[in-house]
Amino acid sequence: MANIPDLEEVSFEVSATDGSETWESLLLINAHAPILKYDDCSIADLNGNNNGMFDPGETVDLIVTLVNSGTSEVFNVIGGLTSNDPYI
């Protein structure tokens, strides 16, 4: 369940036996998942002129801040950037 929604109720049918009698029960558990949303971004151009902007010829770091409003922690988030601009 890699894509389960946060707080989705998951039901399990549990059956136990001692060899002669069987007990059955329904177990309900709420799943927990992260909910990531974009919050902010900034530009670090420490090897350039340090003005916080993409300037021609500079290599910059784009720092993206996300907020997790879900009920589970999230680790090792990986993202990607795309552009339709032919000059980027």
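**Exercises on three residues**

Leucine 36 is found in strand β3, which covers residues 36–44. Strands (E, at least two residues) and helices (H or I, at least four) are DSSP runs, numbered from the N terminus. The model is predicted: local features need pLDDT of at least 70, side-chain atom pairs count only at pLDDT 80 or more, and totals for chains, interfaces and linings use all residues. Residues are numbered from 1 along each chain as its sequence is written, and side-chain values use heavy atoms, with hydrogens and water left out.

**Exercise 1.** Classify leucine 36 by accessibility and list its contacts beyond four places in sequence.

*Solution.*
- Step 1. Apply the cut-offs: buried is under 20% relative accessible area, exposed is over 50%, partly exposed is in between (1.4 Å probe, protein chains only).
- Step 2. Leucine 36 has 37% relative accessibility, so it counts as partly exposed.
- Step 3. Contact means heavy atoms within 4.5 Å. Leaving aside neighbours within four places, leucine 36 touches Leu66, Val67, Asn68, Val74 and Val77.
- Step 4. Take asparagine 68: its C-alpha lies 4.6 Å from that of leucine 36, though the two are 32 residues apart along the chain.

**Exercise 2.** Describe the backbone, place and accessibility of leucine 7.

*Solution.*
- Step 1. Leucine 7 is not a glycine, yet its phi is positive, about 65°.
- Step 2. Leucine 7 sits in the segment before β1 (9–17).
- Step 3. Its relative accessibility is 46%, so leucine 7 is partly exposed.

**Exercise 3.** Do likewise for asparagine 76.

*Solution.*
- Step 1. Asparagine 76, not a glycine, has a positive phi of about 55°.
- Step 2. Asparagine 76 lies in the segment after β4 (61–68).
- Step 3. With a relative accessible area of 74%, asparagine 76 is exposed.
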